[in-house]
Amino acid sequence: MKIHFTVNGVPSEVEARPDAMLLDVLRREMRLTSVRETCRIGVCGACTALVNGKLISTCIFLAPMAEGAEITTVEGLGGSHPVQRAFEEAHAFQCGYCTPGMILTAKDLLDENPRPSDHEIQLALSGNLCRCGCYVKIVEAVKIAATRLTWLHHTSSGTSRAR
Amino acid sequence: MSWDSPQWLAPSSLEEALRLRADLGDEATVVAGGTFVGILMNQGFLAPTTLLSLRNVPGLDFIDPSPPTRDPSLGTPLEERGQNGALRIGAMTTHRAVEQSEVVRQGWPALARAFSLVASPRVRNQATVGGVLADADYASDPPAMLTALRAHAVARRLGGERAVPIDELITGYYETSLRPDELLVEVRVPADTECATYRKFRTRSSGDRPCVAVAAAVGRRGELRVVVGAASHRPQYFPEICAMASGRPDQSTAVEIGRRYAEAIEPISDSRGSAAYRRRVVAVEVRRALEDLIDA
Amino acid sequence: MPDPRVTGSIRYAQDVELDGMLHARILRSPYPHARVQRLDASAVPDGVVVLTPDAVRDLHRYGCQIQDQTVLAADEVRFAGDPVAAVAAPTKREAEEALNFIAVEYEELPAVFDPVEAVAQEAPLVHAHHYISENDAAYFGMRPVDGTNICHRFCIRHGNVADGFGQADVVVEETYHVAGAQHAPMEPHAALARWSGDGRLEVWTGTQTPFNLRMDLAGIFGLPEDRVRIICPPMGGSFGAKTFVRLEAIVACLARKAGRPVKAVLERNEEWLTLNRHPATVRVALGARKDGTMVAKRVECWVDTGAYADCGPGVAQKMGFASPGPYRIPHVWVDSHCVYTNLPPNGAFRGYGAMQSIWASERTMDLLAKRLGMDPLELRLRNLLHDGDLYCTGEMMHDVHFEECLRAAADAIGWSENRQGKGLCVLLKGMQTPSRASIVVEAENDDTYTIRCATAEMGQGAHRSIRLLAAELLKVDPERVSFPDPDTDLVPYDTRTTSSRSTYMMGRALVSAVRDLEIDGKRGCGEVVDQGGLDPDTGQGIASSHWHQGAAGAEVDVDEETGKINVRRVHASIYAGRVVNRPGAELQNEGSMIMSLGTALFEGIVFENGQTTNANLSDYNIPASDDMPVLTHELLEREGAAIHGLGETALPPIPAAIGNALYSQGIHVTDLPMTPEVVLDAIDRSSDQSSAVSSQLSGASSNEPDRMRNVARREPDTQGEKS
């Protein structure tokens, strides 16, 4: 069947079986490799994408359910998003396999809660598994991103900034 | 043969959906949020020939504390059960919506908490209230809490509907009393709870499914309900044991109820704990849930 | 340029694609031990390529230390999951479906699932004969015992333990069990094979061991090694899982039959059927004088290597020589047996056997301390090795800082303030010895440099560290130094990327490579060879050209009604010598410690009659961000010191520190993982014990050593093991 959605701002149409998962469609049809196949049961977060602004495990999201949706993967963040930069600055990755999922989840957290505590960060990320064990630096990265985003928000809204 | 592409049906009205249910029964796999169906398909346990999606059916995604309204188009008046102020949640409402709803947090905080503890934010964004009940997964959090809050589900079919208390809806290991021509449309939670608590005991990672979960609530008329989840094939509620307490139990009654629940339960073994271990934890966690109520 | 890991543009082995490639799936035995009576693939649809045992019967056996593997299990399957056939089809779904068309008839055979049971006289044999491999990875004398399930036996004989125990005022003895674990790298195994027109095999695979793999594949197909090429994309984690031959031989056979490239990516549940960490039973007897001076130690290890040895002999050996611990002990006897069972094969896993024996050894130290009425820190300090001391292998210790690591760990958890709920562990761990590393540095025309090196990247940051070292020697900005993915056609030999050796070994090879480049102008080569090794019958020689050293402290409390442990904090002090890539070194410490929490508290593969029952990431948990306690660590450095690898060192001490913290509260656990159920059992026993003690006080006396009853299982019988 034909499925229409927008991925990273680009309207797309794909042909897929109704029992295909969105993960397979994004990887094969859309050639996006940041969404990754790992557990196939929605627990590890390596397949995370934003669907209509909400974090979703694409490995258990039937492709037809994405009809009309706006999908964002980490490729859609451009590379210099404050969260991406913060991850680089904090060295918050090793093999990098879980990193796209972590970045999207961190972004989602900060959109909702701009000043999370360490505990809130750990809780929000607890559904994204990192076997390399980068959680300490990932929490640091999210804090750096939180500070940057708050600063950006203040400057863009015209509040004077401290020099 | 799953080489053949299955059919995707996406009715755009409840009536159409019910008609398809009546025609196809269990030959069509109903897809609400799709998380459970997705997991079963990926693991090779399910290869549907027809998928019946409810995503386009209007009127099933809502959270409403006001009294129920009549819907004459289906012929049978909705049963009101004298529940003014009851919480009504549409079956296609996501877990995340329940977790974040101010209405639920204010009026039914233990329920918001139970929903918030399910899996991960991703799963909660996708999984629905109707779906979690229809799946009847023994380790799920919402069914035990809903049972403790004396909730019931509304199941509709062409030509009628019925209200089913949650503990009568879930009948066994991934089994419900839903008929093949029925769909869950709504869950209703009465507004007469005095205090409630939900405890989720995990033995391993913070993201693990629970070993033992306990939902407990005291109604305004003093009835105590304690429901143990994740320890057996379905949520375990023993009204005769709960009847020992009138209203909030005192400490020694809490201990006794815990002891009797542990004795009465038939626990399962899985990678989270053996049956013997679960039995011991039930005594402790039931007592602790009741202590939460004492302190509330 | 943003890092490709944050943009998602990094390409792993699973992302490699070639035109016309087919997708493979493997058919696996449902039985733990059976004869294959009949296999009929005639019903497999057209367009699907099938590989049956007949097609691979003429290929050579292989195995990195014992040659006990064939490309498919030909006539006999030895574990539930053993590959019996494979298919390749245009899509993964078609390949999956095609497996249903292969009919196999099995005749079940008796099976064994425990290494102690497997050495008993009546145990069924997993392999009738043991053939020693000629692979470079068989770097020490193998000691299989034909006619038994023992594929290697490593011994240390130092002094005379009978005399030693005779001199002891106090002897403590205990038996420990460690469950198997799964590496669970986030990226599953993936390999793609293609045969070129002139019969050369090319394989893209996530592997830590390109040259060992090349050697085994060449051997399988009867090719000269230079007719096989291995290309190593970066791995999405490995931790030892992606070593030696895993999928590559099957994929290569399918590609040869299909005349097209073939790619295999494992499903998650197949990871538990491919390679795991060795379960082990370790018995320790430790004797000391009443002032705490240790005099004798006897250790026996039964190391469950599963149905195929892989590098189990090496793991058993390392487990054996780490077991005495960083202590001066005049009389040491170690027997470490690598034993076959009918379970999935076990192999390299971060720590390489050291964790299992360190658990047993360091828990026993605390048992001894309690018997002596001594502070566990003081007991250790009294016996620790210093520079110039001899280890029980006969080698002299140099550049060792055990005392410093241990004191730092103790301070970090406030040991001197109070010891309730706190535990310590100090360890030594060896590094692959002997080993060889070589590296080439090429000067390009645009003032950049290219490193040709077989070190594989799996997230540990080795490529960055090596680039930083090269940049330092070349006196250029690291951005001018590139390190392409290893390709055996283009890089010189390296033993393998394991054992936390790469930064250290390649760092030294770089020094001579850069010197050579200065002379040549275009290309410089450098090679370093570390000699050494141990006699497997006596354990004497050089175990390690230098030692990985560290210590950890843990602070816990326990919910005594449920047995659930709350780890409040952990600290690791790791000797680094010289840190090259600081963020990378921190990440390795943190990563090891987080992984160790899983080992300590909840990771364990559960088998039932040889079936793996928790082969998914829900039934098998790995640590999540929310599981972290307060986690701190430090990297000890010394001016002028050599780089010390630390990719694994912070893993082994954490479980023992946690176990010792429980013991400080009277809870004696001998098994890993320390699940709440295991802890609750131990709490029950300690209250049984205290009521036994009170009955002792009121009446009879006893000279019984401090021995706790173990969870009911077969206990090893040492009578038959004496040599």
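Two residues are taken to be in contact when their heavy atoms lie within 4.5 Å. In this predicted model, local features need pLDDT of at least 70 and side-chain atom pairs count only at pLDDT 80 or more, while totals for chains, interfaces and linings use all residues. Residues are numbered from 1 along each chain as its sequence is written, chains are lettered from A and ligands numbered from 1 in the order in which they are written, and side-chain values use heavy atoms, with hydrogens and water left out.

We can start where chain C meets chain A. Here 51 residues of chain C are in contact with 41 residues of chain A. About 3,900 Å² is buried between these two chains, with carbon and sulfur atoms giving 56%; buried area is the accessible area (1.4 Å probe) that two parts lose on being put together, summed over both. On the chain C side, C:Val6, C:Met186 and C:Leu587 supply 18% of the area buried against chain A, more than any other three residues.

Polar links also join the two chains. Seven salt bridges are counted between chain C and chain A, each a side-chain nitrogen of Lys or Arg within 4 Å of a carboxyl oxygen of Asp or Glu. In one salt bridge, the side chain of A:Arg27 meets that of C:Asp15 at 2.7 Å, N to O. The count of residue pairs in polar contact between chain C and chain A is 23, with both residues at pLDDT 80 or more. A polar contact is a pair of N or O atoms within 3.5 Å; within protein, one must be able to donate a hydrogen and the other to accept it, and residues adjacent in sequence count only if both atoms are side-chain atoms. From chain C, the elements α1 (4-7), α3 (92-99) and α14 (582-601) each supply at least two residues of the side touching chain A (helices are DSSP runs of H or I, at least four residues, and strands are runs of E, at least two, numbered from the N terminus). The largest share, eight residues, comes from α14(C).

Within chain A, an automatic or database assignment gives domain 1 (2-76) and domain 2 (78-155). Their centres, taken over C-alpha atoms, are separated by 21 Å. Between the two domains of chain A, about 1,200 Å² is buried, of which carbon and sulfur atoms give 59%. A:Arg36, A:Leu55 and A:Val74 supply 43% of the area that domain 1 buries against domain 2, more than any other three residues. Across this interface the rule finds zero salt bridges, yet four residue pairs are in polar contact, both at pLDDT 80 or more. Strand β3 (residues 48-51) of chain A gives the largest share of the domain 1 side, three residues.
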